[in-house]
Amino acid sequence: MLILGIETSCDDTAVALVEDGMRIRAAGRLSQEKLHAKYGGIVPEVACRAHYETLLPIIENTCNQAGCALRDVDAIAVTNQPGLVGSLYIGLSTAKALAWALQKPLATVDHIEAHIYAAHMADPELDYPHVSVVVSGGHTDIFYSEGPLEHSLITRTLDDAAGECFDKVASLLGLGYPGGPAIQMTSLGGNADAVTYPRGDAGPEGLQISFSGLKTAVLNDLRKRGFVMEAQRNSGRMLTTPETPVPRSETRTLSVRLPLADIAASFQEAAVDILVRATLSSTRQTRCKSVALAGGVAANKRLREKMAAACKAQKNTRFTAAPINLCTDNAEMVAGLGFHKVITSQYAGLDADVLPNKIEKRLRAEVAGE
Amino acid sequence: MSLVILAIESSGDGGGAALMRDSTLLAEVNVPAPRTHGAQLLPCVDRALARAKLARNQVDVVAVNCGPGSYTGLRIGLATAQGIGHGLDRPVVGVPCFDAMVLQYLAQVSVPFKEGQEFWPVLDARRDEVMTARFVLRSGIADRQSEDQLLAPESLCDQAALRAVVFGTGLAAYPGRWDQSKVTAIGAELVLTPAFLGAAAWHKLSGVGTWQEIPRTPVQPRYFRHVTAKTIAERSGDPDSRDVTERAREREA
Ligand SMILES: Nc1ncnc2c1ncn2[C@@H]1O[C@H](COP(=O)(O)OP(=O)(O)O)[C@@H](O)[C@H]1O
Ligand SMILES: [Mg+2]
């Protein structure tokens with residue numbers, strides 16, 4: 001069964017043709033990174049305009065690449081939640097119209113569930129239940145997964161998402177946007193023990209995740225080193241949080257040489273530790289023998305290594321990470337998960353709508369308490 | 001010649017879909033509530049087709065409002081129209097909003113207008129401005145005399161000919177600012193219907209013999225403003241230290 005997947009929930013326009021939820025026939029993606037770089041973050045209106053202009057041409061290219069016509073497709077799958085409203089509408093409206101015109105079934109897909117499914121695509125042996133760790137620019141969620149479409153939330157970040165934290169710290173260091181890959185590059189050769197940044201309080205069950213303290217600790221460290229203004233000038237933006245304004249006098253401090261590699265490596269280590277700790281607590285709590293890691297930040301090499309080692313050390317827990325090219329937003333995962341919706345007849349109607357906000361998945365604790 | 005036109009309108013609060021055979025309306029279905037195009041536009045298309053007793057492949061051309069109008073609404077219409085055109089392998093044509101509005105206004109008011117009468121359809125563009133364009137009645141047809149433009153109500157009144165008719169939902173956005181000694185501001189309730197969008201498309205296509213002759217160029221939306229987010233460079237020294245994404249999300253919410 002051949003599924004056309006469409007993903008436009010944020011700033012990537014992506015299309016893929018996937019067979020039976022696993023075999024990738026063709027895929028195309030246009031990242032808008034360059035369009036948004038000068039704004040220092042994603043501007044929704046810029047994203048929408050670009051999605052509209054590029055989506056149909058990418059669909060055509062992807063079909064050509066696979067050597068098939070749209071009418072050969074068995075169903076269409078599209079991300080309709082969560083994400084930026086206007087961006088989601090480009091994908092959904094296009095998908096609905098194509099499905100209607102071609103008289104093909106349509107399935108709508110949850111972006112976060114699709115991220116989790118990306119781990120499954122590279123590892124067909126990945127079985128259920130498992131603990132799913134989704135770490136991206138907008139999400140840091142850990143789920144108890146009983147099937148491709150059955151996830152209940154175990155824990156979630158109290159504040160910033162992991163990717164957001166990488167992006168903000170990269171920006172503090174003047175490394176540009178997106179920050180995750182930049183931090184990874186800069187950390188090469190750095191000493192991860194050079195600075196001990198706080199890992200935050202894990203809470204009584206070890207499930208608590210918070211990144212805002214880590215971000216503030218890096219900021220304070222930089223201020224102590226008299227570096228804040230320079231970092232701000234490099235990245236061009238004011239990087240203070242409203243709670244910790246930088247006094248005018250301080251912003252005038254001159255530049256100082258910074259051990260960038262050490263700071264990046266130390267920050268990365270702390271961020272990774274926070275995620276590993278919450279993951280291990282989740283497996284203990286659910287008695288799961290298997291972990292799947294996905295989302296943009298799952299592309300981080302140190303996170304993959306350390307998570308793999310930690311899982312092995314904890315009762316030889318099985319560990320799978322989504323392949324690097326399926327970590328950040330893509331349509332392969334959408335077409336892949338869409339297959340499971342289609343084979344279970346979970347179709348979307350002509351009146352399908354977008355759901356921009358994250359649906360509060362039922363907490364694992366509530367499920368267990370039933 | 002005979003063309004079956006599927007017309008899609010979603011640039012404002014209302015809208016929906018209409019099917020026309022040339023200038024004859026076959027069926028029209030409007031969205032059930034304002035601003036529900038995201039979910040309800042395609043069901044309107046489906047129902048209009050059924051009421052017109054047509055099959056999908058009997059549609060010759062898809063016509064869509066290309067603006068100006070609500071950005072999200074327009075893009076839902078455009079993406080829907082392009083998707084249908086692509087799926088049915090039919091051309092898609094963009095119809096400028098004001099062309100259709102003038103057509104509808106002239107059809108709905110019973111007073112006859114004199115040759116040379118001026119018309120200015122207006123939509124609210126916020127920030128003290130309306131989007132508009134100038135039309136003049138020539139041999140019974142409203143002829144476009146200007147590009148779409150952004151104007152303050154006062155400058156529109158100054159630029160317009162004496163007794164020019166100013167109409168459209170933009171009027172209500174600036175009450176008391178339409179100088180009635182200069183222009184006739186009337187018809188604030190005009191909401192463009194899919195049928196008149198289709199009629200305007202038919203006018204536009206009147207020289208065309210068959211749908212095969214219509215060029216397959218993607219329809220470009222008419223945005224009336226550039227993206228207003230500030231770039232990093234523009235923001236240095238900006239007291240608002242939050243990320244642009246955060247600010248935009250807050251605006252959207
Ligand atoms: N190698 C990496 N290390 C850490 N973070 C990364 C890496 N590669 C990408 N990221 C982060 O992943 C995020 C983008 O992931 P994505 O899944 O596209 O996010 P979302 O869908 O939530 O916007 C960005 O925050 C980016 O900095
Ligand atoms: Mg994502």
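This report walks through a predicted model of a complex, from its overall make-up to a few local details.

**Confidence and overall make-up**

Let's begin with how sure the predictor is. For the complex it gives an ipTM of 0.93 and a pTM of 0.91. Chain A has an average pLDDT of 90, and 89% of its residues score at least 70. Chain B averages a pLDDT of 92, with 92% of the residues at a score of at least 70.

Some stretches need a more careful eye. In chain A, residues 230-255 have a pLDDT under 50, and the model shows 47 contacts beyond four places in sequence for them. Residues 365-370 of chain A also fall below 50, and this stretch has three contacts beyond near neighbours in sequence. In chain B, the pLDDT is below 50 over residues 239-245, a stretch with 16 contacts beyond near neighbours. Where pLDDT is low, predicted coordinates should not be read in detail.

How is chain A built? Its secondary structure comes to 13 helices and 10 strands. Of the 370 residues in chain A, 61% are buried. Among the contacts in chain A with a separation of 6 or more, 74% are between residues 24 or more positions apart.

**A metal site in chain A**

Which residues hold the magnesium ion (ligand 2)? The ion is coordinated by H111(A) and H115(A), each through NE2, and by D329(A) through OD, at 2.0 to 2.3 Å. Along the sequence, these donors follow the spacing H-x3-H-x213-D. The pair H115(A) and D329(A) therefore links distant parts of the chain, as these residues are 214 residues apart. H115(A) sits in helix α4 (residues 111-122), while D329(A) lies in the loop between β10 (318-321) and α12 (332-343).

Are these two residues buried or exposed? H115(A) has a relative accessible area of 0%, so it is buried. D329(A) has 12% relative accessibility; the cut-off for buried is under 20%, so D329(A) counts as buried too.

**Two helices that pack in chain A**

Helix α10 (residues 260-286) and helix α11 (residues 301-313) of chain A pack at an angle of about 35°, and their axes are 10 Å apart. The crossing of α10(A) past α11(A) is right-handed. On the α10(A) side, the residues that meet the other helix include V272(A), L275(A), V276(A) and L280(A). On the α11(A) side, the partners include L303(A), M307(A), A310(A) and C311(A).

**A helix in chain B**

Now look at helix α2 (residues 71-88) of chain B. Does its length fit the expected rise, and what is that rise? At 1.5 Å a residue, its 18 residues should span 26 Å, and the end C-alpha atoms are 25 Å apart, which agrees. Of the 18 residues of α2(B), 16 are buried, so this helix is largely enclosed by the rest of the structure. After α2(B) comes D89(B), whose phi is positive, near 60°.

**Unusual backbone spots**

Most residues other than glycine have a negative phi, and most peptide bonds are trans. The table lists some places in this model to look at with that in mind.

| Place | Backbone value | Location |
|---|---|---|
| Y128(A) to P129(A) | cis, omega near 0° | P129(A): loop between α4 and β6 (130-135) of chain A |
| G67(B) to P68(B) | cis, omega about 5° | P68(B): loop between β4 (61-67) and α2 of chain B |
| Q103(A) | positive phi, near 55° | loop between α3 (85-102) and β5 (106-110) of chain A |
| R287(A) | positive phi, about 55° | loop between α10 and β9 (290-294) of chain A |

Are Q103(A) and R287(A) buried or exposed? Q103(A) has a relative accessible area of 58%, so it is exposed. R287(A) is exposed as well, with a relative accessible area of 72%.

**A loop residue in chain B**

Finally, find S146(B), in the loop between β9 (141-144) and β10 (149-151) of chain B. S146(B) is buried, with a relative accessible area of 17%. Beyond its neighbours within four places in sequence, S146(B) is in contact with A133(B) and R134(B). From S146(B) to F135(B) the C-alpha to C-alpha distance is 7.3 Å, and the two are 11 residues apart in sequence.

Methods:
Residues numbered from 1 in each chain as written. Chains lettered and ligands numbered in written order. Predicted model: local features only at pLDDT ≥ 70, side-chain atom pairs only at ≥ 80, totals over all residues. Heavy atoms only, no water. Donors = N, O, S within 2.8 Å, 3.2 Å for Na, K, Ca; no water. Helix = DSSP H or I, 4+ residues; strand = E, 2+ residues; numbered from the N terminus. Buried < 20%, exposed > 50% of the residue type's maximum accessible area, 1.4 Å probe, protein only. Expected span 1.5 Å × (residues − 1). pLDDT = per-residue confidence, 0-100. Contact = heavy atoms within 4.5 Å. Axes fitted to C-alpha atoms, helices over the stretch in contact; angles between N-to-C directions. Left-handed = near helix turned anticlockwise from the far one by under 90°.
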